[in-house]
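User: Please walk me through this model. I want strand pairing, charged pairs and confidence.

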Amino acid sequence: MLLGWCVGPVPGAGAAGSADAWSVAPSAGAGAGARAAGGGGRPCFYLEGTPGAVLKDTVAVTNPGTGPRTVTLRGAGPGGTGKWLAFTEREVTVPPRTRAEVPFTATVPRDAAPGDHLGEVVARGGGRDERVPVRLRVSGPALAALTVERVRVDAAAGRISYDLVNRGNTVLEPRIAVRAEGLFGELLDRKARKLPLQLAPGRRVSLTEPWGSVPALDSVDVRLTVTAAGGVRERGDASARLVPWPAVGGGAAGALALTAGGVVAVRRRRRAEASGEG
């Protein structure tokens, strides 16, 4: 699953001079419809155009080793995005201590939906793959939309689980705030923070929020508030009755019911006092 783009260092692997040290990365220059992304050494390809446009860029295959290296190139991506990519050479043999520049095109289908489409340039050689993210932005109305689904409390594992689904057509960088309340008040209050992912259009991701101090005996309400650029603000809620069942017998169960009733009575009394009733 492609969750993000331009995340992490410039692609490449292996130590210089080793037999398997070849690497692949965007070339230093950007072609037609391409933009530099991530600063000096581009960590990804970023292409933008209208439906029907043919966008151009170049991938660099570097062989610092002492022998020639043959590498095959292909496109990949969800929804057939990889088929948009066509290379002038699908197989390239790079001499030792040499870099080969291989141009490629991205042909945007005439019926392509506006927004962000993610793919990859995949290079294979020496029994391993190297991948470079490709972000293709198709011109048109942008829609930022997200839902928070399947929120649940896993007391045994000490965590809150949830799903995020990108319902729009732009890549989202979500932020999340977490609150939890029990019978006796606030249990958890985490201010909004950025999640370490970029969510592609149409993608679903399952995440967890650690909660090491889940109460053993309580009735809790959990609220997740997720925001992102473009005016996205969505909420997911869950409720859970936390009971240590092996320890709950007849007397303990009665005590639990009595405790819950006592809390309700206290809350009602406080409301009455606040309103001036006797």
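**Strands, salt bridges and confidence**

In this predicted model, Ala86 has its bridge partner in E8, and that partner is Thr105.

User: What is the strand order of the open sheet of four strands?

Analyst: The pairing in this sheet is antiparallel. Its edge strands are E1 (23-26) and E6 (85-87), each pairing on one side only. Three bridges join E6 to E8 (residues 98-107). The order is E1-E4-E8-E6.

User: Is Arg99 buried or exposed?

Analyst: The side chain of Arg99 meets that of Glu101 in a salt bridge (2.8 Å, N to O). Glu101 is partly exposed, at 36% relative accessibility. Arg99 has a relative accessible area of 53%, over the 50% cut-off, so Arg99 counts as exposed.

User: How many residues apart in sequence are the parts that Arg167 and Glu149 tie together?

Analyst: Their side chains meet in a salt bridge (2.6 Å, N to O). Arg167 lies in the loop between E12 (159-166) and E13 (175-182), whereas Glu149 lies in E11 (residues 146-154). The pair therefore ties together parts separated in sequence by 18 residues.

User: Which residues are linked with Glu149 and Arg167 in a network of salt bridges?

Analyst: The whole structure holds 22 salt bridges. Some of them form a network that includes Glu149 and Arg167. The other members are Arg150, Asp163 and Arg204.

User: What is the mean pLDDT of the protein chain?

Analyst: Of its residues, 77% reach 70 or more. Residues 13-17 are below 50, and so are residues 251-278. Where pLDDT is low, predicted coordinates should not be read in detail. The chain mean is 83.

Conventions: Residues are numbered from 1 along each chain as its sequence is written. This is a predicted model: local features need pLDDT of at least 70, side-chain atom pairs count only at pLDDT 80 or more; totals for chains, interfaces and linings use all residues. Side-chain values use heavy atoms; hydrogens and water are left out. Two strands pair if DSSP finds at least two bridges between them. Helices (H or I, at least four residues) and strands (E, at least two) are DSSP runs, numbered from the N terminus. pLDDT is the predictor's confidence in each residue, from 0 to 100. Contact means heavy atoms within 4.5 Å. A salt bridge is a side-chain nitrogen of Lys or Arg within 4 Å of a carboxyl oxygen of Asp or Glu. Buried means under 20% relative accessible area, exposed over 50%, partly exposed in between (1.4 Å probe, protein chains only).
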